[in-house]
Amino acid sequence: MIKCKIIAYTQDAEKIVAEAAKLCYAKSDIDTLEENLTPDKVASFLELLSDLGHESPVEHASFTFAIEGVSRALLAQITRHRIASFSVQSQRYVSKCDFSYIIPPEIDAIPEAREEFIAAMREDAEHYESLRTKLISRHLAANLAAGMSEPEARKAAEKKANEDARFILPNACDTRIIMTMNVRSLHNFFRLRCCNRAQWEIRELATLMLFEVRKVCPLLFANAGPSCLHGACSEGAYSCGKAAEVRKKFQ
């Protein structure tokens, strides 16, 4: 199961964005930006930005998420969102013996398919451990021959073994991610990945993230979600045809 939580975010994010908007549209100088910036005025400036489609002020606020229970397949998708920062659990430094894995719901729903999938994961784990053991043995011998101490030689051998043994690990293998995005990038992320047309795993993660940020900054994310939330579906002929259902979920 995907776990996602906000571990850090820009404090007073909505106020900071409102100050940036005020600077753009009012005569205020930097010493008077905060004057009369009541909660109502903050809401008014954020609504103005939304109505105008002026997105650069929201880049001043960012959120950092801790994510686990996701697959390496998801990692390949989420890192396509380039205006973001990622830290990912290393398969070089971290052994994946007896790795956890993510079962796609469509496979999980068919008993025979689920059984076959789990068997494949077990076989992958066995091959991973077998290859890793063979590699460690070879690298350890070489390191000891080079004069390294046993603990130092073993540690180096295990790391080097992980580098090559990981090539057999499946896309289903689990990983952990810490990700930081600014609000503008998050809006783009939610627009693309909360859509019913998005792949199921990243859609589930995006939905969790959206509900989390709305708890912290409801004004900044009031209009965030898939494109059909406040307009026409951007998928055109590929639309899921369930706009009303999607709007009910995210409004």
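Reader: Which residues does glutamate 201 touch, not counting residues up to four places away in sequence?

Author: Glutamate 201 touches Ile2, Gly69, Val70, Ser71, Leu74 and Ile102, once residues up to four places away in sequence are left out. Please keep in mind throughout that this is a predicted model. Glutamate 201 has its place in helix H8, and its side chain makes a polar contact with the side chain of serine 71, at 2.6 Å.

Reader: Which side chain of opposite charge is nearest to glutamate 201, and how far away is it?

Author: The nearest one is arginine 193, which is 10 Å away, and glutamate 201 has no salt bridge although it is buried.

Reader: Arginine 80 is another charged residue I would like to place; is arginine 80 buried or exposed?

Author: Arginine 80 counts as exposed because its relative accessible area is 53%, and the cut-off for that word is over 50%. The residue sits in the loop between helix H3 (72-78) and strand E3 (85-88), where the side chain of arginine 80 reaches the backbone oxygen of alanine 76 at 3.5 Å.

Reader: How should I read a nonpolar core, and how many residues has the largest one here?

Author: The general idea is that in soluble globular proteins nonpolar side chains tend to be buried together. In this model the largest nonpolar core has 44 residues, and those with the most contacts inside it include Phe63, Phe65, Ile78 and Phe190. Helix H8 (residues 200-216) contributes the largest share of this core, namely 6 residues. A second, separate core of 17 residues has among its members Phe99, Met121, Ala165 and Cys173.

Reader: Which residues are in contact with isoleucine 78, leaving aside its neighbours within four places in sequence?

Author: Isoleucine 78 is in contact with Phe86, Ile177, Met179, Phe189, Ile202 and Leu205.

Reader: How do I read the strands, and which strands pair with E4?

Author: As a general idea, in a regular strand the side chains alternate between the two faces of the sheet. Here strand E4 (residues 174-182) pairs with E2 in the antiparallel sense over 9 bridges, and E3 pairs with E4, also antiparallel, over 4 bridges. In the pairing of E3 with E4, valine 88 has isoleucine 177 as its bridge partner, while serine 62 stands opposite asparagine 182 in E4.

Reader: What lies opposite alanine 8?

Author: Alanine 8 stands opposite threonine 64 in E2, and the bridge partner of threonine 64 in E4 is threonine 180. Strand E1 (residues 3-9) and strand E2 (residues 62-71) run antiparallel and are joined by 6 bridges.

Technical notes. Residues numbered from 1 in each chain as written. Predicted model: local features only at pLDDT ≥ 70, side-chain atom pairs only at ≥ 80, totals over all residues. Heavy atoms only, no water. Core = buried A, V, L, I, M, F, W, Y, C linked by side-chain atoms within 4.5 Å. Buried < 20%, exposed > 50% of the residue type's maximum accessible area, 1.4 Å probe, protein only. Helix = DSSP H or I, 4+ residues; strand = E, 2+ residues; numbered from the N terminus. Contact = heavy atoms within 4.5 Å. Lys, Arg positive; Asp, Glu negative; His and termini not counted. Salt bridge = Lys/Arg side-chain N within 4 Å of Asp/Glu carboxyl O. Polar contact = N/O pair within 3.5 Å; in protein donor to acceptor, adjacent residues only side chain to side chain. Pairing = 2+ DSSP bridges.
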